[in-house]
Each structure stands twice: as structure tokens, then as C-alpha cells.
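Thanks for sending this one over. Below are my comments as numbered points, to be read with the structure open beside them.

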Amino acid sequence: MNKTEILQKFREYLTGNGFGPGDKLPGEMELAEQFGISRGDIREVLMHFSHLGLLSRVKKRGTFICEVPYANLQNDMTLCFQLAQLPYSDLLEARIALELSVAPLLIKRINRESTEKLQNIINEMKQSAEDPVRADALDREFHLQLLAVSGNSVLKLYSNVLYTIFRQEFRKNYQTPQWVRRSTEDHQQILNAISSGDEDKVRALIQSHLQPPLNME
């Protein structure tokens, strides 16, 4: 096996054997025998995954699965997306699909506390019409809060990645007082529709709110 094949088989070994954060891996000799490679080769594999922050090698104790911080996952995924130079239209399409998919969860899981948080963001954004940069940050906060209401950690992770890319690459074109007022009105209508339990209206409003930038230059 070449190095690429060894690394792939080791990934499959980790994911296929139920290892989780804090679990200890077998020793180097045992792993080398399992993979049919030298101890030196397995040591290189362990070092590779240690450098990625997935394994921790502790002297005289062994090798353990690390707990990967949420922020690390988000940062690594964001970097991969940015280096791939995916087209804006694909990113926007993914964002729309993601937000539309959570409409039923929003209606099911919205409560008084989350409603108040969303309303406070809308109110603050309304007061920031002449400060588009601040308003843009609040716009992002509103959408991330929607995903938080859904209660799905995977959706939250992907949404953070997408919104980070949007903020860094594309948002400057929309930081105007006119955009702030329009976006604030959209947010209020979306929140009202969620509160009233109208799933079709929530989806239609989200679609309308996110789609126009696709046609803007």
C-alpha cells in the first residue's frame, strides 16, 4: 500500500470501529500488524492525524482520540470551501436550501425566549440603518439564531461555514441603508410567520429574502 492508501484505510478504521473522544487506540505494534505495515509506517500515520488535531500521543500512556472543538470543524470546513473557490450561485443555492429546510423545525421549536431574541435583533438592526456594517453583522446574527432555534447542530455548523464565506467574500455589495431597511422588514415578516405557524409563508418569505442578490450586480 502507498501512503495515500494507508491513510484512507486508517480513516476507515477510526470511523468503522466506534472510536470517540477520549478512547485509546491499540499500540503501534498491534496496529502495524492489523494493517500489515511496518511500525515506522504506522508511527507516521499516527503523527499525521496528530498534526491534524484528531489524535493525541501521550508519552508512556498511548494514543487517544481527541475531542475536536466545534470552532476547529467550522474553521477547517470554511478554509476548504474557500480554497475550492465555489461559485457564488452554488453557495447561495445551498444557503437557500438550508434555510428552507428548517422551516418546520422553526415552527415546532420556537419559544418565547427565542422569539424575544430574534425580535431584539430586528429592533437593533432597525436602529442601525445608518450603520450598514453593524446592520450586516446583525443580519448574520438573525439568520444564525434561526438555525439555533432549529436545534440541529449539523445544520448550525454548515450555516456558520456558509455565512462566514458570505460575510468575507460577498457582503460588502449589500451594506447600504436601503438594503438594511429592506432586510429588516423581511426579518420581521419571517418572524411573524414563524410565530403564527404558517410554514408555507415562512418558506416563501425566506426564498424571497435570499433570492434577489442572485440577480444583483
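1. Let me begin with a pair inside one helix, bearing in mind that this is a predicted model. A salt bridge brings together the side chains of Glu116 and Arg112, with an N to O distance of 3.4 Å. Both residues belong to helix H7 (residues 112–127), where four positions, or about one helical turn, separate them. Arg112 is exposed at 68% relative accessible area, whereas Glu116 is partly exposed at 41%.

2. Helix H10 (residues 177–196) offers a pair with the spacing of four residues, again about one helical turn: Arg182 and Asp186. Their salt bridge has its closest N and O atoms 3.1 Å apart. Which end of this pair is buried? Asp186 is, with a relative accessibility of 15%; the cut-off for buried is under 20%. Arg182, at 30%, counts as partly exposed.

3. While you have H10 on screen, please look at Ser183, which is found in that helix too. Ser183 is buried, and its relative accessible area is 0%. What does Ser183 touch once its neighbours within four places in sequence are left aside? The contacts are Met125, Asp139 and His209.

4. Next comes a salt bridge between two helices. Glu28 pairs with Arg39, and 2.9 Å separates the closest N and O atoms. Glu28 sits in helix H2 (residues 28–35) and Arg39 in helix H3 (residues 39–51), so this bridge ties together parts that lie 11 residues apart in sequence. Glu28 is buried, at 13% relative accessibility, while Arg39 is partly exposed at 40%.

5. That pair is also part of a wider arrangement: a network of salt bridges links Glu28, Arg39, Arg43 and Arg57. For the structure as a whole, how many salt bridges does a search find? The count is eight.

6. Arg57 from that network leads us to the strands. Strand S1 (residues 55–58) and strand S2 (residues 62–65) run antiparallel and are joined by four bridges. Within this pairing, Arg57 stands opposite Thr63 in S2. The two strands make a hairpin with three residues between them, and Lys60 in the turn has a positive phi of about 70°. If you are checking backbone torsions, Lys60 is the turn residue I have in mind here.

7. A nonpolar patch on the surface is worth a look as well. The patch consists of Leu52, Leu54, Val68 and Leu73, which together have about 290 Å² of accessible area. One of its members, Val68, lies in the loop between S2 and helix H4 (70–84). Val68 is partly exposed, with a relative accessibility of 30%.

8. Finally, a geometry check on helix H5 (residues 88–101). With 14 residues, H5 reaches 20 Å from its first C-alpha to its last, close to the 20 Å expected at 1.5 Å a residue. Which residues of H5 are buried? They are Tyr88, Leu91, Leu92, Arg95, Ile96, Leu98, Glu99 and Leu100. You will see that this list includes Arg95 and Glu99 along with leucines such as Leu91 and Leu92.

Note on methods: Residues numbered from 1 in each chain as written. Predicted model: local features only at pLDDT ≥ 70, side-chain atom pairs only at ≥ 80, totals over all residues. Heavy atoms only, no water. Pairing = 2+ DSSP bridges. Salt bridge = Lys/Arg side-chain N within 4 Å of Asp/Glu carboxyl O. Buried < 20%, exposed > 50% of the residue type's maximum accessible area, 1.4 Å probe, protein only. Patch = residues over 30% accessible without salt bridge, like charges linked within 9 Å, V, L, I, M, F, W, Y side chains within 5 Å. Areas by Shrake-Rupley, 256 points an atom, 1.4 Å probe, with all protein chains shown as cover. Expected span 1.5 Å × (residues − 1). Contact = heavy atoms within 4.5 Å.
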